[in-house]
Structure formats: structure tokens, C-alpha cells
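Okay, thanks everyone, I'll keep this short. Let me put the structure up, and then we'll walk through it piece by piece.

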Amino acid sequence: MTIRVTFRPDNNQPPVIQSPLPRETAQIITPVTELVGIGRGGKNNSSSLEKDKDRVAEILAELEAYIGLETVKRLIRELQAYLEIQKRRTREKLIADPLVLHMIFRGNPGTGKTTVARLVGRLFKEMGVLQKGHVIECERADLVGEYIGHTAQKTREQLKKALGGVLFVDEAYSLARGGEKDFGKEAIDALVKAMEDNKDNLVLILAGYRLEMEWFLQSNPGLRSRFPIHIDFPDYTLDELLAIGNSMLKSREYELTPAGSEALRVHLQSLLNTHPYAGNARLVRNLVEKTVRKQAVRLFQKPSSSREELIRILPMDITLEDL
Ligand SMILES: Nc1ncnc2c1ncn2[C@@H]1O[C@H](COP(=O)(O)OP(=O)(O)OP(=O)(O)O)[C@@H](O)[C@H]1O
Ligand SMILES: [Mg+2]
């Protein structure tokens, strides 16, 4: 079922979703003149709608289980509620607000951008907003070619793969790096055209570091208003990194002893003091993987191990070497 909402030029309504801005985090959703159809999944019998609702609830529960990301969680919950209400309004033949779902994700490496993009894709699919909900991740090299015509062809290929889902362009600011004469400009133009042409069946997410993305949006006037949803991914705090480490170990059926827990805190603190992108969950994942291997080497030296020993992580298993 495709429902098109007609734009009213005199539409002078307040922002679609507004919420107080926390400290460092800005999230902006403004009404724009673009429209997307809502309910494109073609699911309209009641049992399949119920199943979709269950799956939406599952995905939202998965989102809740991620450590931190409070603003992201709130925004996604708001979006989900908003889309659902627009659907209900449309069923009652009420005016449904225009809504664009293209997004800008700003944050340092390892702060959860790709993870959230994948979840958003799945969520929009279950809500009938996208047909497939898959995520195609690409970066400058996948979009920008080396000779005239090459960029258009490369960008088209990525767009084609992403149709029905999300095209996630990492380090998107690098497309504007070379200025006016660079082929990156051509890729930006092609993306902009595609987001208009395929607004019913494609969500474009441009991601990158905060300051670079700000520069990128400033140097390309007109882009900002095409991306009504801006999400900041702040660096994780020490406590959040610890919680992420603990949950990664738990899901692998390992457990830190109290002394192990203290050692993890000390190591993460020293990472935070020295690493340029320390508030970074990927570093924690690498640390956890290294820890598990070190524990294995320690246990391997004995002919057998108890269940307890196999689970327990001791301080000596944790090291920052090679991180
Ligand atoms: N809040 C979180 N809770 C648990 N694990 C997380 C969380 N955020 C990220 N991770 C894990 O950290 C790793 C890195 O996350 P992700 O790839 O989403 O980061 P990213 O922001 O896309 O990084 P990059 O910019 O380097 O691509 C993944 O393994 C992910 O599962
Ligand atoms: Mg990523």
C-alpha cells in the first residue's frame, strides 16, 4: 500500500518532533517540503500487522539493550511513534505530516553509528517504510571515480544496491574535500538527485566526525535542509565503556572477578587518557577479544580447567598491548 501525503505550500506548522537538546547533543527534525509515503511495505492484513508490531518491539528492545546512546534511543522511539501515528492518521483520512528520513550521523569512530544505521534499516522495514531495510555501507572510494563519467557510474551502482534500504556513506565530508573541480562534487550531486528520485524507497545516511560534518554541511548549502534528522554520537564515558566491556564478556559467557573488573577500569582509564578516540566501543571490543585469548593461553598451560576457571577473567588476562 503506498500512501502519498500531499505537500501544502501554506504549511506553516511547527517542527514535527521537538525535544530538549541535551548538553553536546543536537537532534533536529524539522518539517521540510519533501514527502515520503508511509506504509509502503504492502502489509495490511491484521495478523501480519501484529507480527510486524512484535518485530518492531523486538528491535526497540535490542536498541534499549545498547549501553548509553540515550539521545539516539529517544529519537528513534520518537520517530517510531511518529511514523505509527502518521499511519493511523492516514487510515482516518486525516492530513499526515510530510516526513523525510534522510539523516546525518556525527561522531567519532566506534561510537555506534553503523550499529544504529543497521537497526534503523530493520526498524523501517518492519514499519513498512522501507521494502528491504538492508544497509549498504560505502565511502568516498566506492562513489568517486577517476575519469569523467566514472563517478556517476560508481555512485549509481551503490544507489542501485541500496534501493529499498539505507545507503550509509561513511566519512561523507571527504566527498567535498577536493573542492569544486573534484569528482566528489559529482557524487554529492548524484546522491542528492537520487534521494529526491527515490524518496519513497531509500534512506540516505551521511556519517562522519562532528566538526568535519559541520564543515561539509556549511560548504554545501542546501544539503542541510535535505537531512532533517541529525544525530550526534558522543564518545562513551568510562562507565559506559566498562558496561559495554562487561556486557560483551557476559554475552560470551565470561565474567570478570572483582579484581578483574578493577583492572579493566584502570586499563580503560589509561586508554581514555592517551588514545585520540578513546570513547570508542570498538577499542573495548578489541580489548575484550584480546582478554579472552590471553585467558585461553593462561588456562592452556594446565591439562584441565574447571567450569569456573573457564568463565573467570583475572587481572592478568587484561592488557592494552597492541591496541
Ligand atoms: N552502545 C553500545 N553497546 C554495546 N556495543 C556497542 C555500542 N556501541 C558500539 N558497540 C560496538 O562497538 C563496535 C563499533 O561500533 P560501530 O561499528 O557501530 O561504530 P561506528 O561509529 O560505526 O565506527 P566507525 O566510525 O569506526 O565506523 C561494534 O562492535 C558495536 O557492536
Ligand atoms: Mg561504522
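One definition before we start: when I say helix, I mean a DSSP run of H or I that is at least four residues long, and the numbering goes from the N terminus. With that in hand, isoleucine 85 sits in helix α2, which covers residues 70–91. And please keep in mind that this is a predicted model.

So, the overall picture. The protein chain has eleven helices and seven strands. Out of its 323 residues, 37% count as buried. If you take the contacts with a separation of 6 or more, 77% of them are between residues 24 or more positions apart.

Let's stay with α2 for a bit. Does the length make sense? Well, 22 residues at 1.5 Å each should span 32 Å, and the end C-alpha atoms are 32 Å apart, so that agrees. Which residues of α2 are buried? They are Thr71, Val72, Leu75, Ile76, Leu79, Gln80, Leu83 and Gln86. Looking down the axis of α2, those buried residues fall within an arc of 165°, so they line one face of the helix. The general reason is familiar: an α-helix has 3.6 residues a turn, so residues three or four places apart point the same way.

What do the buried residues of α2 pack against? That would be α1, α3 and β5, the last being residues 229–233. Over on the other side of α2, Ala81, Arg88 and Arg91 are exposed. Isoleucine 85 is in between: it counts as partly exposed because it has 13 other C-beta atoms within 10 Å, and buried would take 20 or more. From isoleucine 85 to aspartate 97 is twelve residues in sequence and 10.0 Å in space, C-alpha to C-alpha. After α2 comes lysine 93, with a positive phi near 60°.

A quick stop at α1, residues 46–65, which is where glutamate 58 is found. Glutamate 58 is partly exposed, with 13 other C-beta atoms within 10 Å. In sequence, glutamate 58 and leucine 123 are 65 residues apart, yet their C-alpha atoms are 9.4 Å apart in space.

Now over to α9, residues 258–274. Same check on the length: its 17 residues should span 24 Å at 1.5 Å a residue, and the end C-alpha atoms are 25 Å apart, which agrees. The buried residues here are Gly260, Ala263, Leu264, Leu268 and Leu271. They cover an arc of only 130° around the axis, and that puts them on the same side of α9. Turn to the other side of α9 and you get Pro258, Ala259, Ser270 and Asn273, which are exposed. What covers the buried residues of α9? The cover includes α8 (238–251), β6 (255–256), α10 (281–300) and β7 (312–313).

Right after that, in the loop between α9 and α10, we have asparagine 280. Is asparagine 280 buried or exposed? It's buried, because 23 other C-beta atoms lie within 10 Å, and the cut-off is 20 or more. Leaving out residues up to four places away in sequence, asparagine 280 touches Asn108, Pro109, Gly110, Thr111 and Asp235. Take aspartate 235: that residue and asparagine 280 are 45 residues apart in sequence and 6.3 Å apart in space, C-alpha to C-alpha.

That brings us to the ligand. How many residues surround ligand 1? There are 17, and the closest are Pro109, Gly112, Thr114, Thr115 and Ala281. The elements giving two or more residues to this shell are α3 (113–126) and α10. By type, the shell around ligand 1 splits into six nonpolar, seven polar and four charged residues. Both domain 1 (46–233) and domain 2 (238–317) contribute at least three residues each to the shell.

Last item, two backbone angles for anyone who likes to check those. Glutamate 171 has a phi near 45°, a positive value in a residue other than glycine. Glutamate 171 belongs to the loop between β3 (166–169) and α6 (183–197), and is partly exposed, with 17 other C-beta atoms within 10 Å. Glutamate 253 also has a positive phi, near 65°, and is found in the loop between α8 and β6. Glutamate 253 is exposed, with 8 other C-beta atoms within 10 Å.

That's what I've got, thanks.

Note on methods
Residues numbered from 1 in each chain as written. Chains lettered and ligands numbered in written order. Predicted model: local features only at pLDDT ≥ 70, side-chain atom pairs only at ≥ 80, totals over all residues. Expected span 1.5 Å × (residues − 1). Buried ≥ 20, exposed ≤ 12 C-beta atoms within 10 Å, placed from the backbone. Arc of directions from axis to C-beta. Contact = placed C-beta atoms within 7 Å. Near = placed C-beta within 6 Å. Nonpolar A, V, L, I, M, F, W, Y, C, P; charged D, E, K, R; others polar. Domains from an automatic or database assignment.
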